[in-house]
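Please examine the following structure, beginning with its overall form and then turning to its charged and nonpolar side chains.

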Amino acid sequence: MDMENREKYAITVCDDNDLMCEMIVDLLYRYSKERGIAFDVNYCHSGKELMSSFIGSDIFLLDVEMPGEDGFDLANSIRSANEEAVIVFLTINRDRIKEAFKCRALRYVTKPVQREELWEALDAAYAICNNKKRVVLSIRGTDVELYENQISYIEGCGDFVRIHYKNQILESYKTLDDLERELSDDVFVRCHKSYLINLGCVLKISGRGVVLLKTENEAEKKEIPVARRRKRQMEEKYMKYDLKRG
């Protein structure tokens, strides 16, 4: 896996055993050197410490058997605050594997941690992170980092835009032209002079436009108009996108 030119990510290890933390951190740096990547490594010994200092990390390696809040409880807390987090569990007890899936964990690495098993988990974690392109927008004077895949559509409203993002509607003074250039052109398409849509959110193409999946912001499914001169291009891009995602 070639990762040399990929962006730097943050990994947090949470294990109540000091020696185990040190061993895993050492393995992470060996992985970094072997794969030719750079990342920030954090470690802590409790869920409380993690939630107060490292909740913004991209990848979490969590010990399951910790006093107080165990790894599964901690994973649910992380997921509530950081929806995009990639979680890998570390444990000696394979009987609890089913619980890992309830937390939408990526992998379950058994202790004592073996290099090959951890390497496979990290490869998979980085592959997921690298498919989550981010864009920085100024929202009410503050730079906010958004994940592309969480933007359903963007609506031009004169001198500002409304960004329909997860369960929010954000406003920015960037133009649709600016955003069209910044967002991935194989995922977003300008279907109308006033709309830029995420092809991953398209439910169907109707005679008059495109119907998007219902979000928490919409009382019902949203139908976006498609300009006649843009319809063919939009349909071709959607077909390519649909084939790519399988």
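The paragraphs below proceed from the whole chain to its salt bridges, its nonpolar cores and one strand residue.

The model is a predicted one. Its protein chain contains seven helices and 15 strands. Along the principal axes, the C-alpha atoms occupy a box of roughly 65 × 35 × 35 Å. The chain has 246 residues, of which 48% count as buried. Among contacts with a separation of 6 or more, 55% are made by residues 24 or more positions apart.

The surface and the charges come next. The protein chain exposes about 13,600 Å², and carbon and sulfur atoms supply 46% of that area. There are 39 positive and 44 negative charges in the chain, and the mean positions of the two sets lie 8 Å apart.

How many salt bridges does a search of the whole structure find? The search finds 13. One of the pairs is Arg 115 with Glu 34, whose closest N and O atoms are 2.6 Å apart. Arg 115 belongs to helix α5 (residues 115-130) and Glu 34 to helix α1 (residues 18-35), so this salt bridge ties together parts that are 81 residues apart in sequence. Arg 115 counts as partly exposed, with a relative accessibility of 28%. Glu 34 is also partly exposed, its relative accessible area being 44%.

Arg 115 has a further partner in Glu 116, and the N to O distance of this salt bridge is 3.9 Å. Glu 116 is partly exposed at a relative accessible area of 47%. Elsewhere in the chain, the side chains of Lys 174 and Glu 182 form a salt bridge with an N to O distance of 2.4 Å. Both partners are partly exposed: the relative accessible area is 28% for Glu 182, and the relative accessibility of Lys 174 is 24%. Through shared partners, salt bridges also join Glu 34, Arg 35, Arg 115, Glu 116 and Asp 123 into one network.

Attention now turns to the nonpolar interior. Which residues have the most contacts inside the largest nonpolar core? They are Leu 146, Ile 151, Ile 154, Ile 163, Leu 183, Ile 197 and Ile 224, within a core of 31 residues. Ile 163 illustrates the surroundings of one such residue. With neighbours within four places in sequence left aside, Ile 163 is in contact with Leu 137, Ile 139, Leu 146, Ile 151, Tyr 153, Ile 154, Gln 168, Ile 169, Leu 170 and Ser 172. The structure also holds a second, separate core of 27 residues, which includes Ile 11, Ile 37, Leu 90 and Ala 121.

A final residue to consider is Val 144, which lies in strand β7 (residues 142-147). Is Val 144 buried or partly exposed? Val 144 counts as partly exposed because its relative accessibility is 28%, and the limit for a buried residue is under 20%. Apart from neighbours within four places in sequence, Val 144 is in contact with Val 135, Val 136, Leu 137 and Ile 139. Leu 137 and Ile 139 also appear among the contacts of Ile 163. Glu 235, by comparison, is 91 residues from Val 144 in sequence, and their C-alpha atoms are 31 Å apart in space.

Note on methods
Residues are numbered from 1 along each chain as its sequence is written. This is a predicted model: local features need pLDDT of at least 70, side-chain atom pairs count only at pLDDT 80 or more; totals for chains, interfaces and linings use all residues. Side-chain values use heavy atoms; hydrogens and water are left out. Helices (H or I, at least four residues) and strands (E, at least two) are DSSP runs, numbered from the N terminus. Buried means under 20% relative accessible area, exposed over 50%, partly exposed in between (1.4 Å probe, protein chains only). Contact means heavy atoms within 4.5 Å. Accessible areas come from the Shrake-Rupley method with a 1.4 Å probe; for residues, only the protein chains shown count as cover. Lys and Arg count as positive and Asp and Glu as negative; His and the chain ends are not counted. The place of a charge is taken as NZ of Lys, CZ of Arg, CG of Asp or CD of Glu. A salt bridge is a side-chain nitrogen of Lys or Arg within 4 Å of a carboxyl oxygen of Asp or Glu. A nonpolar core is a set of buried Ala, Val, Leu, Ile, Met, Phe, Trp, Tyr and Cys residues joined through side-chain atoms within 4.5 Å.
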